[in-house]
Amino acid sequence: MQSIQSSAAQAPSHSALQSAALATTQRYARTIETSKRIRWDIDGDVIRGRRFDLSRKFLPDGLSRVDELGFLAPADQRLLSQVQGRTYANIFGLVERYIGVKTLELGQDHAFGDQVALEALVRMADEELKHQELFRRLEAMAAEGMPTGYAFKPDPNDVAAAVLGKSTWAVLGLTLDIELFTQAHYRSSIESDADLCPLWKDVFRFHWMEESQHAVLDELEWRREDARISAAEREQGVSDLIDLVGAVDAILQMQARADAEYVMQVASHRYAPSEQAAVADLVLRAYRFQYIVSGVQEPRFGEVLGELVTPAQMERIGRALAPIVKHVQG
Ligand SMILES: [Fe+2]
Ligand SMILES: [Fe+2]
């Protein structure tokens, strides 16, 4: 009798469930309101007929870490910042391919249900399509103004197919990580740096404005998926998330090598082999910080992940990340 009474006391009442559902719908609704209010146009608001200012850095030092390479001539530090900034835009274009497809798929779950959630996800998919177009335009503009030889290595469709082969739980974890670091980078380094190329800086200001809503939606969808799956599926989700981080790291290793080689080829003069190796290591450390470590270190990411996984699963994720974190910390 005692146990029946206590379990009845623990079960949420019908009205509690209804008010929780209402609160969730209101969170989706707020992203729609903000999305409508801040919506921007690629040409009218962001590019406005401008070109990149190649006399200035693109990515701030806090992210590019080029200021750690004291032997690099100032012009080559600037070039390395611009190349990292070019890759930064291309990486967003890359991940937005899979994020857009996944968002459309998640929207299907709401198709005959919460129409507010459906609208929020449709808007997010639409924004990611616009962002991809923006980043394609930027790559074409960068190619016009910068020395030839740069190559962005990963193919968006190949990466999307590989990512989307993993469980939705893991894909949403990776996506929340990405959409949180997008905001963190803007707030912590890009916004406050007055010396960056104005167009590059504006791109990431406008991008940040729309990504803030995406992170809210990622979290809502991740929690919804988490509530739906079994403990065994979550355990598989943790393994998939670790695999996805490994796949991201493989892409970063490939692109860091390509970018470091390109910069060394077009630099103001020939650097010694030991200096070239230091540039290659710096670029990989910077990319691992930008695309993996800065996201998982975001407090919100840790809070949500901590609520969804067991302490043992958290430890497993921490162990998988440890070598990357160690390299970033130098
Ligand atoms: Fe985006
Ligand atoms: Fe996004």
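This short talk walks through a metal site, one helix and the largest pocket of a model that is predicted.

Let me begin with the iron ion that is ligand 2, which is coordinated by E128, E179, E211 and H214, at 1.8 to 2.4 Å, with E211 listed twice through OE and H214 taking part through ND1. If you follow these donor residues along the sequence, their spacing reads E-x50-E-x31-E-x2-H. The iron ion called ligand 1 lies 3.5 Å from ligand 2, and E128 coordinates both of them.

Why can E211 and H214, with the x2 spacing between them, serve one ion? An α-helix has 3.6 residues a turn, so residues three or four places apart point the same way. Here, E211 and H214 are three residues apart in helix α9, residues 198-228, and are therefore separated by about one helical turn. E211 is buried, with a relative accessible area of 1%, and H214 is buried too, at 0%.

Turning to helix α6, residues 115-145, we find 31 residues that reach 45 Å from the first C-alpha to the last, which is close to the 45 Å expected at 1.5 Å a residue. The N-terminal end of α6 is capped by D114, a side-chain oxygen of which lies 2.9 Å from the backbone nitrogen of V116.

Finally, the largest pocket holds about 410 Å³ of space, and among its 30 lining residues, L174, L244, V245, A247 and V248 lie nearest its centre. Helix α10 gives the most to this lining, with nine residues, and the lining as a whole divides into 26 nonpolar residues, one polar and three charged.

Definitions and conventions: Residues numbered from 1 in each chain as written. Chains lettered and ligands numbered in written order. Predicted model: local features only at pLDDT ≥ 70, side-chain atom pairs only at ≥ 80, totals over all residues. Heavy atoms only, no water. Donors = N, O, S within 2.8 Å, 3.2 Å for Na, K, Ca; no water. Helix = DSSP H or I, 4+ residues; strand = E, 2+ residues; numbered from the N terminus. Buried < 20%, exposed > 50% of the residue type's maximum accessible area, 1.4 Å probe, protein only. Expected span 1.5 Å × (residues − 1). Polar contact = N/O pair within 3.5 Å; in protein donor to acceptor, adjacent residues only side chain to side chain. 1 Å grid on protein atoms, 1.4 Å probe; cavity = no way out; pocket = protein on both sides within 12 Å on 5 of 7 lines; lining within 4 Å. Points joined across faces, edges and corners; volume = space filled by probe spheres on them. Nonpolar A, V, L, I, M, F, W, Y, C, P; charged D, E, K, R; others polar.
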